[in-house]
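Me: I should be grateful for a close look at a single part of this model, namely the way its second helix is packed against its partners. Please set that part in the context of the whole chain.

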Amino acid sequence: GETKVFSALVAVALTLLALMNFRVLVQVTEPEVRGYGRYWMSLNLAAACVWAIATFTSAPTTYLLWMVATLIPSVGALTLRQRSFHEKYPVDQEHLSTRYGLLTLIVFAESFIMVIGRLSLGDYGLQLYGQASLLLLITLTQWWIYFDDVAGISLKDGPFRRATWIFTHLPLQAAMTLLGVGLQEAITLGWSEPAPAATRWL
């Protein structure tokens, strides 16, 4: 893919986020709140710089820099200083659940789009439409499980509970994306034939 373009766009996004943190320093006078804003502004700027450097490198150095840049805010969210900030200014749980729920809903919608988009490419028979309906049912069950058990969960107090809830969404949403790709490939797969070697792992 376009690694240089991707790196540059992420660097720009993190720079904009750092500017939002800087706005806190301009508009707020309370020292502790300014410290919170300064903390995250520094982390976001540091990560943006690493992403920017990655635009001038090639693989595998680029991927190593991506990992370092991703770890900067991730580790920053787990430090004792961040935890002390969180105790004074806790995150709005309802707002957090809504944001992650919307992102997860978009990922689920991609599964629907992949299956329906595949069907629109050909004139399939009734059997394949029935097979596609069963595949969509898999997506619906995943949707039900998430929004019934995960999205509105009430987190208990603990040092890493909230961070764990947030970061485990990354592999969850990656798995949902792979599920959508797998369902798309399974539409035209016969009941008695093995999956192609290239997509069998999905």
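Reply: About 13,000 Å² of the protein chain is exposed, and carbon and sulfur atoms supply 69% of that area. The model is a predicted one, and every value here is computed from it. Of the 202 residues of the chain, 30% count as buried. The secondary structure consists of eight helices and zero strands, so that, read from the N terminus, the order of elements is α-α-α-α-α-α-α-α. Among the contacts with a separation of 6 or more, 72% join residues that lie 24 or more positions apart.

Within this chain, the part requested is helix α2, which spans residues 31-54. Its packing may be described one partner at a time.

The partner to take up at the outset is helix α1, residues 3-27. The axes of α1 and α2 are 8 Å apart, and the two helices pack at an angle of about 165°. Because angles over 145 degrees count as roughly antiparallel, α1 is roughly antiparallel to α2. The crossing in which α1 passes α2 is left-handed. By class, the residues of this contact comprise 19 nonpolar, five polar and two charged.

The other partner to consider is helix α4, residues 80-88. Here the axes come within 11 Å and cross at roughly 135°. That angle falls outside the ranges for roughly parallel, roughly perpendicular and roughly antiparallel, and α2 and α4 are therefore oblique to each other. The crossing of α2 past α4 is again a left-handed one. On the α2 side, the residues that meet α4 are Glu-32, Gly-35, Tyr-36, Tyr-39 and Trp-40; on the α4 side, they are Arg-81, Gln-82, Phe-85 and Lys-88. This contact divides into four nonpolar, two polar and three charged residues.

A further residue may be added to the picture, since its contacts include positions in both α1 and α2. Thr-62 is placed in helix α3, residues 61-76. Its relative accessibility is 1%, and because buried means under 20%, Thr-62 counts as buried. Apart from neighbours within four places in sequence, Thr-62 is in contact with Thr-3, Ser-7, Ala-54 and Thr-57. Of these, Thr-3 and Ser-7 fall within residues 3-27 of α1, and Ala-54 falls within residues 31-54 of α2.

In summary, α2 lies roughly antiparallel to α1 and oblique to α4, with a left-handed crossing at α1 and at α4.

Key. Residues numbered from 1 in each chain as written. Predicted model: local features only at pLDDT ≥ 70, side-chain atom pairs only at ≥ 80, totals over all residues. Heavy atoms only, no water. Axes fitted to C-alpha atoms, helices over the stretch in contact; angles between N-to-C directions. Helix = DSSP H or I, 4+ residues; strand = E, 2+ residues; numbered from the N terminus. Parallel < 35°, antiparallel > 145°, perpendicular 65-115°, else oblique. Left-handed = near helix turned anticlockwise from the far one by under 90°. Nonpolar A, V, L, I, M, F, W, Y, C, P; charged D, E, K, R; others polar. Contact = heavy atoms within 4.5 Å. Buried < 20%, exposed > 50% of the residue type's maximum accessible area, 1.4 Å probe, protein only. Areas by Shrake-Rupley, 256 points an atom, 1.4 Å probe, with all protein chains shown as cover.
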